[in-house]
Amino acid sequence: MDLAFFSVQLLNGLQYGLLLFLIASGLTLIFGIMGIINLAHGAMYMIGAYLVYDLTLRLGNFWLAMLAAIPIAIVLGLIIERLFLDTLYKRDHLYQVLLTFGLILVLNEAQRIIWGGDVHRVAVPAPFDASIQLTDNLQYSVYRLFVMGVCLALAGVIYWVMRHTRLGIIIRAGAANRDMVEGLGINVRTLFTLIFSVGVALTAFAGMIAAPLTSIAPGMGDSILITCFVVVVIGGIGSIKGAFWGAIIIGMATTFGAVLIPSLASMVIYLIMAAVLLVKPRGLFA
Amino acid sequence: MKTFKKTSLATLLSATAMLTAGSVVANEDAVKLGLMLPYSGTYTALGEAITNGLKLAIEEEGGQLGGREVEYIELDSEADPSKAPQNMSRLVNGDDVDFVIGPVHSGVAMGMLRVAKQTGAITIIPNAGLGAATNELCMPNVFRTSFSMWQDSYPMGKVAYDQGHRKIVTITWDYAGGKEDLAGFEEAFTAEGGEIVEQILVPFPSTEFQSYLTQIASLEPDAVYTFFAGGGGVSFVRDYAAAGLKESIPLLGSGFLTEGNLTALGDAGEGVMTTLHYAETLENDANQSFVSAYENAYGETPDTYAVQGYDTGMMLVQALEVLGGDTSDRERLIDVLANVQLASPRGPLSFSDSHHPIQNVYLREIRDGKHEVVSIASENLEVPDDACQI
């Protein structure tokens, strides 16, 4: 692999990692603060992609569709948290796992009833529907660069909220010791509703922004869910910083693993997870 | 009032009893078709297309097979291999069906065929392309109306060589279906004198292709041959085009790369060449009347899965007509099925000694969002199922 192609692979790994971060950040927030293992997180990613596909057809514009789809995703998160999860906080983890697993089935079936089993696509929106020449025979979509920019910007915003706002302090304190936060008079119920909606919105947004880069198909969220759990475990449960670096590590490992050690490509991320857990059983940044 | 209630209840009961008795008589005479196809999950569209095609064929014959009514028992296979033996047993032992039609998924086929071996149930496979079904697993009671991975990819090997390609990169998912498909292509291409520069296996079912595309660009082959299907097919073709590779390195593939995916592919699919045993644009009479009948009945253009279902129906129609609806003599039934010859929408269709279709494989190019037939890549191609001569 010469330097040019090595650099392109770095770019590929970074782009994949940043998108993973966007999905995993919601998962780690919900997991770390609420203690909920949200198995339906991948299904939300899929719903985001289908929403933007549907609304792009109706509104005729990708950006308008995004604008309309984000509130829908937030409301969906609100409904799920208030109607279903709210009744299960006092119960064992197993009940929450059962509920969110049930949600996968419900959301997948709803997707099939509303949008059918066909594969769909969303065209790459203007003004990013161009490409730049990287090597003499390889181009790179400008939209991919845009997605990287958006992911980085969102990572920055999340970092700032967590580090420099009162809300961030409460969230971090909640991840560390929920009972103490409640004892200090913070309304944890409202906090949970907020976290869950934001978490769902983040992954649905990732589905929306990834829609023009991928094929929109039934079950598209199922495989990404596993990868995101690996990211969260490597980074440390509840840690946004951990999710970021975990995602970059997994993005790079997937990209370079595929090319350098193809026979182990499907195992690479799990090997890394095992190695990290041996050295740091609670993850890199927990 | 009380008496009336009692009377009416009694009447109702006896009426129900009569109705039940009546339907039992009718059912005993009906041909029972057990459909073991996916009606939920990723492969739903395929299961539905096969069912639609099958019913269309039987409806065209007045909804009867050899003068007998037809009863459909539809069982959702969920494309789940672990449930396959149990589902198949339910159809064969519980519902006592005359024919089992299924599955879509090759993993499910493995489980089904185990039960087919034990029970001897007549099984017609309308999709699942694993080669072993009509070769290593050889059974007289198993037929295929679809294809095997080898049959659809082997003809492309010669096509690629004749187009002047000498060094080719192949890429597919790391699973049995993909590898069988690549093996067919590679066998023919290397026999012509071509070279496979690199065989890339992507973990199943990943659709993250960027790093592989970069690898392909650095290898600079004459062409790329690929097998992906469904959402993976769309992702690969679109990513390939977006990476600007389509102009410098032509993309060849199995027909399943683009089958059912034309709308989702859009411009990215234009010019992609694939080989398959069907194309919706075939100009034979059978196809033209099939396409219009299918569009009238279901409001959409049929794909190869619908044709495979349709031919399964036509096979039953023809066999039961010959037998006058009498399915009691199994030996004769199997013999008649094996000798069915159809003027199918896909062209002439007959069956080899291993009960595998002998059929044309077409070279197709996507132009204006349609699979246009360029040529017959291989005429009346028979699959060399060496381990199975029934």
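Helices (H or I, at least four residues) and strands (E, at least two) are DSSP runs, numbered from the N terminus. The model is predicted: local features need pLDDT of at least 70, side-chain atom pairs count only at pLDDT 80 or more, and totals for chains, interfaces and linings use all residues. Residues are numbered from 1 along each chain as its sequence is written, and chains are lettered from A and ligands numbered from 1 in the order in which they are written.

**Exercise 1. Find the cis peptide bonds next to Pro103(B) and Pro127(A), and place each proline.**

Step 1. Start in chain B. Gly102(B) and Pro103(B) are joined by a cis peptide bond, with omega about -5 degrees. Pro103(B) sits in the loop between β4 (99-101) and α4 of chain B.

Step 2. Go to chain A. Ala126(A) and Pro127(A) share a cis peptide bond, with omega about 0 degrees. Pro127(A) lies in the loop between α4 (93-115) and β1 (131-133) of chain A.

**Exercise 2. Work out the strand order of the open sheet in chain B, and find a helix that packs on it.**

Step 1. Two strands pair if DSSP finds at least two bridges between them. The six strands run β2-β3-β1-β4-β5-β6 (chain B), with mixed pairing.

Step 2. Look at the edges. β2 (64-65) and β6 (142-144) of chain B each pair on one side only.

Step 3. Follow one pair. β5 (residues 123-125) of chain B and β6(B) pair in the parallel sense over three bridges. Ile125(B) has Arg144(B) in β6(B) as its bridge partner.

Step 4. Add the helix. α4 (residues 106-119) of chain B packs on the sheet and touches β1 (31-37), β5 and β6 of chain B. Touching rests on contact: C-beta atoms, placed from the backbone, within 7 Å. The direction of α4(B) makes about 160 degrees with that of β5(B). Axes are lines fitted to C-alpha atoms, for helices over the stretch in contact, and angles run from 0 to 180 degrees between N-to-C directions.

**Exercise 3. Describe the side of chain B that touches chain A.**

Step 1. Count the residues. 32 residues of chain B are in contact with 33 residues of chain A.

Step 2. Name the elements. α2 (44-60), β8 (195-202), α7 (210-219), α8 (230-242) and α9 (245-248) of chain B each supply at least two residues. The largest share, seven residues, comes from α7(B).

Step 3. Sort by type. This side of chain B has 12 nonpolar, 16 polar and four charged residues. Ala, Val, Leu, Ile, Met, Phe, Trp, Tyr, Cys and Pro count as nonpolar, Asp, Glu, Lys and Arg as charged, and the others, Gly among them, as polar.

Definitions and conventions
Two residues are in contact if their C-beta atoms, placed from the backbone, lie within 7 Å.
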